[in-house]
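Please load the model in your viewer and keep the selection tool at hand. The tour below goes from one selection to the next and says what is found at each stop.

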Amino acid sequence: MSDRTTDSEAETVETWVTEARRKVEEGTFGPPDLDRMVSLYNRTRQRLLYVHAGSPSIYSNVVAAALHEPVAGSITEIDPMAPELPYETVHAAIVDGWRVIHFPSQQAFFDDREIDVIGYEFILEKLENYHD
Amino acid sequence: MTELSTRSPDLLSDDQVLKFIVHGYHLVEPEFPEKFNESICEQLDRAGGNTGNGILDAVPMLEEVFDHPEVRGTLISLLGEDYAMNGHRHLHSNEPGSHSQGWHQDGTNVRHHQIWCVLAMYYPHDVPAEQGPTVVMPGTHFRNAPSDRLQTYANIKGQVPLTVNAGTVVIAHYDLWHAATLNRSDRQRYMLKFLFDRQSEPGPPTWNHAPDTVDEVAQRRIREQVSPQGYSSDYYKEWELRTEMWHWLLGQHAAVPPGAFKDMLS
């Protein structure tokens, strides 16, 4: 099983660059530092958050959400004991660092009588470090 | 013949029928004789595995569940006096450690805004939230959405876990979105799903209809906010679809045209 590491727990690109600057100034920067950079890059995985909003606006209320973790065996499911949805709006998720990679089409199929699915689907991603 | 099976059916009121139309389900909590539900659980344990449509032969006491006056009264109210039990039925055993199903509507995606079939889900034991309750999404029986398109949803605002007492029978419109959920407990969860079919077009109301008060009740229920999308375009379309189902049940078989909600505003 893989675990997600937060910025405070593991080396990030920013901390690597700070360290690299110091080593360059000291003249101690070398191939092992480049290897660490590659390793750091390879630990990055894509978390996905499917969000259904009340309208195609990023400010409309979120009506459904499904978080998918990039971890083997991870399952996303309906939870009868779940707390509130993670964000009130797509905008709130963006403020928290999520990037929108799929926007609902404003020109989606329209029917003046029937109704179909609930909400408008946004797909968001967040790249974070994982270690096995 | 038991005392219960000879009692007159407990028919629904206008308000209960309208609430079913808006929400898509109705909870019946019949009182069964002492140890009745426990006895069914023991028989289900003995029957073991999935008996498919043969569950009624394996556990004949289940007939008494659907003969209960409150259950019969609900079925008569929604399906007419000549309703019939469908030959298909299923024991859903949700085992400890299970994962949730995806949201789905049963069957194929041929939808209408009428009531020709209902699911009757009987729970022979208490179902707390950690024991894998069925979850339903109110109002979704009007949504013409193939189950494949529902698979990117997980939790939906307003979903209702059916955490019920032993003996509860949930009567749901056949098209209502539902799913079994993860069972965190160390006990299996039983649910017996039976189908009941309407045999004929609605005529005069088969429930406790009160013509003097029904208009006020209908006005209130038809406008009820159920969808998590709030006051959206769908909300006003729902008024029309609910009205069409209500009129149909009253024996008025004319479609409600788009835009008719404006006449309901006054």
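Two residues are taken to be in contact if their C-beta atoms, placed from the backbone, lie within 7 Å. Please bear in mind throughout that this is a predicted model.

With that meaning of contact, begin by selecting helix 2 (residues 14–23) and helix 8 (residues 233–249) of chain B, whose axes come within 10 Å and cross at roughly 140°. Angles over 145 degrees would count as roughly antiparallel, so helix 2 of chain B is oblique to helix 8 of chain B. The crossing of these two helices is right-handed. Now show side chains: V17(B), L18(B), I21(B) and V22(B) in helix 2 of chain B meet R242(B), M245(B), W246(B) and L249(B) in helix 8 of chain B. Sorted by class, this contact has 7 nonpolar residues, no polar ones and 1 charged one.

Next, select the open sheet of chain B, in which 5 strands follow the order 1-7-3-9-2 with antiparallel pairing. At its edges are strand 1 (25–28) and strand 2 (84–94) of chain B, each of which pairs on one side only. Neighbouring strands of this sheet are turned by 20° against each other on average, direction ignored. If you zoom in on strand 1 of chain B, you will find that strand 7 (residues 169–173) of chain B pairs with it in the antiparallel sense over 4 bridges, and that H26(B) stands opposite I171(B). Then add helix 6 (residues 69–79) of chain B, which lies across strand 1, strand 3 (117–122), strand 7 and strand 9 (189–197) of chain B and runs at about 160° to strand 1 of chain B.

From strand 7, step back along the chain to L162(B), in the loop between strand 6 (160–161) and strand 7 of chain B. Is L162(B) buried or exposed? Since a residue with 20 or more other C-beta atoms within 10 Å counts as buried, L162(B), with 21 of them, is buried. Leaving aside residues up to four places away in sequence, L162(B) touches V127(B), P133(B), T134(B), V135(B), V136(B) and V170(B).

Finally, display both chains: their contact takes 30 residues from chain B and 26 residues from chain A. Helix 8 of chain B, already seen against helix 2 of chain B, gives the most to the side of chain B that touches chain A, with 3 residues. The residues of that side divide into 13 nonpolar, 10 polar and 7 charged. End at strand 3 (residues 62–68) of chain A, which pairs with strand 5 of chain B in the antiparallel sense over 2 bridges; here I156(B) is the bridge partner of A64(A).

How values were computed
Residues numbered from 1 in each chain as written. Chains lettered and ligands numbered in written order. Predicted model: local features only at pLDDT ≥ 70, side-chain atom pairs only at ≥ 80, totals over all residues. Pairing = 2+ DSSP bridges. Axes fitted to C-alpha atoms, helices over the stretch in contact; angles between N-to-C directions. Parallel < 35°, antiparallel > 145°, perpendicular 65-115°, else oblique. Left-handed = near helix turned anticlockwise from the far one by under 90°. Nonpolar A, V, L, I, M, F, W, Y, C, P; charged D, E, K, R; others polar. Buried ≥ 20, exposed ≤ 12 C-beta atoms within 10 Å, placed from the backbone.
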